Amino acid sequence: MHQALPPALRDAVDDFAEHLSRVRNRSAHTVRAYVTDLVSLLDHAVRMGCVDLAELDLSVLRSWLARQRTTGAARTSLARRAASARAFSAWAHRAGLLPADVGAALASPRAHRELPSVLRADQAAALVEAPSRQAPPTNPSPTNQARTDPKLPNQARADAERTDAATGPASGPADGAEAVPLRDRVLLELLYATGVRVSEACGLDVGDVDHGRRVIRVFGKGGRERSVPYGVPAQRALDDWLRRGRPAMVGARSGNALLLGARGGRLNPTTARQIVGAYAETAGLPRTSPHDLRHSAATHLLEGGADLRAVQELLGHSSLASTQIYTHVSVERLRAAYRQAHPRA
């Protein structure tokens, strides 16, 4: 469809894509979505007889959205496509390609926002601990054999127990089968402990982890950088992964990536979603995605008394309106607050 556009319109699409990527610093996913919407809009404009970009007007934009609605597009999709049209119109007007910003008057349907899917605290705990419930290795270490083998003399078993006590858990690199649960555990812990997006978690480098302050450096939407704290359980999972798991999976394609896939490259967000879903199913939980863990982290923070602005900063929301959806609270908490605060309670 892009190649079928007139050359002038095709060049405008390419210039707008470059503007989004280089000037606005939008992610590749965002650029792809905007360009897809724009190509659809301009294709519709050409079908209506617009051979030059200057002929694009509000009636064409409204006709395009109306056609999208008749083909079954959801309200959220229509809202995003209207936003794409407005962004392109504003850019084209500034660039001198449109005599006026015709998209400024384009209204979009208000997207219906459902309450997010949220796990209970005990369900979230069961999910992040699921990788630790993997069966132990089938080949025990020599000290484990000495400690458990009834045929060995008592002195040998005592020596093995003293060795275990002195050295603690196995600290050497794990094999491939042991490394995967360690990777999965740190992925789940970070998603729930920090509330980061799955793409942000997969984009972390080893150097982005500040072990002393227990914070990670995250690059969110638009390349905005923020620091997000994490707790002691996540720290333990990170230590195990970096000490034992990552060395077993590292390869030529690993670079500085914190989380690695089976072939040694950076963990893919699609794979991360599959990991979360598989462990949720194994734990007997409802269908769960990484974003559900993000929703759960935000909700549990607010229910624990965290300030809404602090949660906004942790999640990396540019607008407080995006964070306010998490202000739904349990009836029990509302009743407790009422009894505590109201003089006639």
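This note walks through the sheet, the salt bridges and a charged surface patch of a predicted model.

1. **The sheet.** Start with the strands. Three of them form an open sheet, in the order β1-β2-β3, and the pairing is antiparallel. The edge strands are β1 (209-210) and β3 (225-229), each of which pairs on one side only. As general background, strands of a sheet pair through backbone hydrogen bonds, in either a parallel or an antiparallel sense.

2. **β1 against β2.** Strand β2 covers residues 215-219 and pairs with β1 over two bridges, in the antiparallel sense. Look at the residues that face each other. V209 stands opposite I216 of β2. D210 stands opposite V215, also in β2.

3. **The first turn to check.** The hairpin of β1 and β2 has four residues between the strands. Within this hairpin, R214 takes a positive phi near 55 degrees.

4. **β2 against β3.** Here the two strands pair over five bridges, again in the antiparallel sense. One pair to find is F219 and E225: the latter is the bridge partner of F219 in β3.

5. **The next turn.** Five residues lie between the strands in the hairpin of β2 and β3. The residue to inspect is G222, with a positive phi near 70 degrees.

6. **Salt bridges overall.** The structure holds 13 salt bridges. In general, side chains of opposite charge can pair when their charged atoms come close. Three examples follow.

7. **D37 and R81.** The side chains of D37 and R81 meet in a salt bridge, at 3.8 Å from N to O. D37 lies in helix α2 (residues 28-47) and R81 in helix α4, so the pair ties together parts that are 44 residues apart in sequence. Are these two residues buried or exposed? Both D37 and R81 are buried.

8. **E200 and R197.** The side chains of these two residues also meet in a salt bridge, at 2.5 Å from N to O. E200 has a relative accessible area of 5%, so this residue is buried. R197 counts as buried too, because its relative accessibility is 11%. The cut-off for buried is under 20%.

9. **D208 and R217.** D208 forms a salt bridge with R217, and the closest N and O atoms are 2.8 Å apart. The partners differ in cover. D208 counts as buried at 6% relative accessibility, whereas R217 counts as partly exposed at 35%. Elsewhere, salt bridges that share partners join D37, R80 and R81 into one network.

10. **The positive patch.** Which residues gather in a patch of positive charge on the surface? They are R24, R26, R94, K221 and R224. R94 lies in helix α4, which covers residues 75-94. With a relative accessible area of 58%, R94 is exposed. Helix α4 therefore holds both R94, a member of the patch, and R81, the α4 partner in the salt bridge to D37.

11. **Where to look again.** For the sheet, follow β2, which pairs with β1 over two bridges and with β3 over five. For charge, compare the buried pair D37 and R81 with the exposed R94.

Key. Residues are numbered from 1 along each chain as its sequence is written. This is a predicted model: local features need pLDDT of at least 70, side-chain atom pairs count only at pLDDT 80 or more; totals for chains, interfaces and linings use all residues. Side-chain values use heavy atoms; hydrogens and water are left out. Patches are made of residues with over 30% relative accessible area and no salt bridge: like charges are joined within 9 Å, nonpolar side chains (Val, Leu, Ile, Met, Phe, Trp, Tyr) within 5 Å. Accessible areas come from the Shrake-Rupley method with a 1.4 Å probe; for residues, only the protein chains shown count as cover. A salt bridge is a side-chain nitrogen of Lys or Arg within 4 Å of a carboxyl oxygen of Asp or Glu. Lys and Arg count as positive and Asp and Glu as negative; His and the chain ends are not counted. The place of a charge is taken as NZ of Lys, CZ of Arg, CG of Asp or CD of Glu. Buried means under 20% relative accessible area, exposed over 50%, partly exposed in between (1.4 Å probe, protein chains only). Two strands pair if DSSP finds at least two bridges between them.
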